[in-house]
Amino acid sequence: MRAHRLVLWDIDHTLVDYTGLGVGWYGSALAAATGAQFRTHPDFGGRTERAITADVLTLHGIEPDEETIQRMWRELIAAVERARETLPEEGRALDGAAAVLADLAKTDGVVQSLVTGNLPEISLHKLAALGLDEHLDLEIGGYGSLSPHRADLVPHAVKAAEAKHGKEFPAESVVILGDTPNDIDAALDYGAVAIGVATGRFSVGQLTEAGAHQVLPDLADLSAVRAAVLGLP
């Protein structure tokens, strides 16, 4: 049997596309949590919710202390929960995502979870709305509430997976897939296999330059994704 794999997926622009919705949710959360009018926002791509929230508050002249961050997150989750019924129409699963998740779930030795900048609750809502939550172990992911630094999420996810599944996942058996250089950096920092997926704003060339071991144009070619994830020739 082929060596086991811990496969850690990014969500936005890797598995799903909810372009534009995050800005609206943050605007609603900022107003509800602080009373401030949303005027501007930082770059969201490949960053964690802890980093983004702190930047949003700072950009609006508000001290990003832990109490205010937590209040923002409660309102952010509430905004997404209010949108749950319309998420299937406003977002879409990217080509091949459902098929790849289902296929890897049937593959001996593979455990699938997340390394994502999203909060756990928002991760579930985004995935469940498009039927992509079934094959991912969401209890063991690395989420954006943990740290402003994406690289910190990887060891957390690995330790949680090892504790739950009772097996070791050495760095070379951990595979991280994402659409930004931040995803690639986080994988390389841990010594994991870094697979770029060029379905966001970064090209195959840019993800290759960032150091990805392999870059896929998308997830549509199931055989190519399996080969990359499982280390097949």
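Leaving aside its neighbours within four places in sequence, which residues is Arg201 in contact with? In this predicted model, the partners of Arg201 outside that sequence window are Asp43, Gly45 and Gln206. With Asp43 there is also a polar contact, made between the two side chains at 2.9 Å. Arg201 itself sits in the loop that runs between strand S6 (193-197) and helix H9 (204-209). Its relative accessible area is 54%, and because exposed means over 50%, Arg201 counts as exposed. A further spatial relation links Arg201 to His13: the two residues are 188 apart in sequence, while their C-alpha atoms are 8.4 Å apart in space.

His13 deserves a short look of its own. This residue belongs to the loop between S1 and strand S2 (16-17). Its phi is positive, about 70°, although His13 is not a glycine. With a relative accessibility of 26%, His13 counts as partly exposed.

It helps to step back to the whole chain at this point. The protein contains 10 helices and seven strands. For 233 residues, a compact globule would be expected to have a radius of gyration near 17 Å, and the value for the protein, 17 Å, agrees with this. The C-alpha trace spans about 55 × 35 × 35 Å along its principal axes. Of the 233 residues, 48% are buried. Contacts across the sequence are well represented: when contacts between residues at least 6 apart in sequence are considered, 64% of them join residues at least 24 apart. The protein exposes about 10200 Å², and 49% of this area is supplied by carbon and sulfur atoms. As for charge, there are 18 positive and 34 negative charges, and the mean positions of the two sets are 1 Å apart.

Helix H10 comes next, near the end of the numbering used here, at residues 222-230. What caps the N-terminal end of H10? The cap is Asp221, with a side-chain oxygen placed 3.2 Å from the backbone nitrogen of Ser223. Within the helix, the buried residues are Val225, Ala227, Ala228, Val229 and Leu230. These buried residues pack against both strands and helices: strand S1 (5-9), helix H5 (97-105), strand S4 (110-114), strand S5 (174-178), S6 and strand S7 (214-216). After H10 comes Gly231, which has a positive phi near 70°.

Thr107 connects to this part of the structure. Found in the loop between H5 and S4, Thr107 touches Arg226 and Leu230 once residues up to four places away in sequence are set aside. Leu230 is also among the buried residues of H10. Thr107 has a relative accessibility of 16%, and it counts as buried because the limit is under 20%. The side chain of Thr107 reaches the backbone oxygen of Asp103 at 3.0 Å. By contrast with these contacts, Thr107 and Arg92 are 15 residues apart in sequence and 25 Å apart in space, C-alpha to C-alpha.

Is Thr116 buried or exposed? At 0% relative accessibility, Thr116 counts as buried. Thr116 is placed in the loop between S4 and helix H6 (120-128). Its side chain makes a polar contact with the side chain of Asn118, at 2.9 Å. Beyond its neighbours within four places in sequence, Thr116 is in contact with Asp10, Ile11, Ser123, Gly142, Tyr143, Gly144, Arg150 and Leu153.

Gly144 appears again among the contacts of Arg50. Arg50 is located in helix H2 (residues 49-59). With a relative accessible area of 17%, this arginine is buried, whereas Arg201 is exposed at 54%. Apart from neighbours within four places in sequence, Arg50 is in contact with Glu66, Ile69, Gln70, Trp73, Gly144, Ser145, Leu146, Ser147 and Pro148. To one of these partners, Ser145, the side chain of Arg50 makes a polar approach, reaching the backbone oxygen at 2.9 Å.

Terms used. Residues are numbered from 1 along each chain as its sequence is written. This is a predicted model: local features need pLDDT of at least 70, side-chain atom pairs count only at pLDDT 80 or more; totals for chains, interfaces and linings use all residues. Side-chain values use heavy atoms; hydrogens and water are left out. Helices (H or I, at least four residues) and strands (E, at least two) are DSSP runs, numbered from the N terminus. Buried means under 20% relative accessible area, exposed over 50%, partly exposed in between (1.4 Å probe, protein chains only). Contact means heavy atoms within 4.5 Å. A polar contact is a pair of N or O atoms within 3.5 Å; within protein, one must be able to donate a hydrogen and the other to accept it, and residues adjacent in sequence count only if both atoms are side-chain atoms. The radius of gyration is taken over C-alpha atoms; the globule rule is 2.2 Å times the number of residues to the power 0.38. Accessible areas come from the Shrake-Rupley method with a 1.4 Å probe; for residues, only the protein chains shown count as cover. Lys and Arg count as positive and Asp and Glu as negative; His and the chain ends are not counted. The place of a charge is taken as NZ of Lys, CZ of Arg, CG of Asp or CD of Glu.
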